[in-house]
Amino acid sequence: MLTMQEVKNHYFFTEKDAELLSELLPLVRDNSSALMDAFYDYLLKIPETAKFLRNEQDLQKLKKTHAEWLISVFCGRYDNEYLLTLQHIGQTHVRIGVNAHYVNAAMNVMRRHLIEMLQSNYPNIEDRRKYRIATEKILDINLDIMSTSYQEEELRRVFVSH
Ligand code: HEM
């Protein structure tokens with residue numbers, strides 16, 4: 001199993017990237033409600049994902065959970081504890097039966113809206129570029145760890161059920 005340091009090395013993710021992401025935290029906080037609206041508009045339009053979001057009370061709690069994840073992406077600290085959390089998130093979605101396809105597609109929606117947020121807030125192309133690259137690296141790392149543990153969890157389930 002890879003360590004978080006190895007994962008970061010493979011994505012050329014440096015301390016400078018971590019610093020850049022933490023600089024974005026106030027902007028992401030300010031935009032988190034709009035970003036979450038976009039995320040949920042997307043999830044609610046697809047029957048296969050909307051079925052997980054039927055109960056209004058659960059929906060409010062879940063929105064908070066997903067918003068906390070978004071904030072954690074810009075926490076600036078990406079250690080083995082962070083890796084374990086992402087593995088756990090992958091396993092949770094397998095447990096409840098969300099097809100990996102929708103997790104990938106939802107990440108794409110989040111990525112697009114984060115990039116649009118950078119477009120609107122950083123007119124200087126060089127600034128925007130460095131923030132975009134750091135953001136793309138951490139989103140790819142999130143998806144990589146979540147989907148690896150997703151596949152492992154799915155395999156484990158197939159073996160256990162036979
Ligand atoms: C739970 C993140 C996509 C539905 C969670 C949790 C996180 C998270 C952090 C809490 C996990 C835990 O504490 O165990 C993400 C990320 C996604 C994503 C980063 C992709 C960018 C989706 C999609 C759906 C979904 C596509 C489909 C509707 C849920 C549900 C739970 C959950 C229903 C609650 C699970 C439970 O019963 O505990 N997600 N999620 N998520 N997510 Fe997502």
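**Close-up views of a predicted model**

**View 1. Glu-81 counts as exposed, at 56% relative accessibility.** For solvent access, with a 1.4 Å probe and the protein chains only, buried means under 20% relative accessible area, exposed means over 50%, and partly exposed falls in between. This is a predicted model, in which local features need pLDDT of at least 70 and side-chain atom pairs count only at pLDDT 80 or more, while totals for chains, interfaces and linings use all residues. Residues are numbered from 1 along each chain as its sequence is written, and side-chain values use heavy atoms, leaving out hydrogens and water. Glu-81 belongs to helix 5; helices here are DSSP runs of H or I with at least four residues, and strands are runs of E with at least two, numbered from the N terminus. Look for Met-4 as well: 77 residues separate Glu-81 and Met-4 in sequence, yet their C-alpha atoms are 8.6 Å apart in space.

**View 2. Here is the ligand with the 20 residues that surround it.** A residue joins this shell when one of its heavy atoms lies within 4 Å of the ligand. Leu-62, His-66, His-88, Thr-92 and His-93 are the closest. Helix 2 (15-45), helix 4 (56-73), helix 5 (80-96) and helix 6 (100-121) each supply at least two shell residues, and helix 5 gives the most, with six. By type, the shell holds 13 nonpolar residues, six polar ones and one charged one. Nonpolar covers Ala, Val, Leu, Ile, Met, Phe, Trp, Tyr, Cys and Pro, charged covers Asp, Glu, Lys and Arg, and the others, Gly among them, are polar.

**View 3. Zoom in on the ligand beside His-88, Thr-92 and His-93.** Polar contacts are pairs of N or O atoms within 3.5 Å; within protein, one atom must be able to donate a hydrogen and the other to accept it, and residues adjacent in sequence count only if both atoms are side-chain atoms. From Thr-92, a polar side-chain atom lies 2.6 Å from an oxygen atom of the ligand. A side-chain N or O atom of His-88 is 3.0 Å from an oxygen atom of the ligand. His-93 places a polar side-chain atom 2.8 Å from a ligand nitrogen atom.

**View 4. His-66 sits in helix 4.** With a relative accessible area of 15%, His-66 is buried. Beyond its neighbours within four places in sequence, His-66 is in contact (heavy atoms within 4.5 Å) with Met-36, Phe-39, Tyr-40 and His-93.

**View 5. Asn-142 is part of helix 7 (residues 125-160).** Its relative accessible area is 0%, so Asn-142 is buried. Setting aside residues up to four places away in sequence, Asn-142 touches Trp-69, Val-73, Tyr-82, Leu-86 and Met-107.

**View 6. Leu-24 has its place in helix 2.** Leu-24 counts as buried, at 0% relative accessibility. Apart from neighbours within four places in sequence, its contacts are Phe-74, Leu-118, Tyr-122, Tyr-131 and Thr-135. From Leu-24 to Glu-56 is 32 residues in sequence and 31 Å in space, C-alpha to C-alpha.

**View 7. Phe-12 lies in the loop between helix 1 (4-10) and helix 2.** Its phi is near 55°, a positive value in a residue other than glycine. Phe-12 is exposed, with a relative accessible area of 67%.
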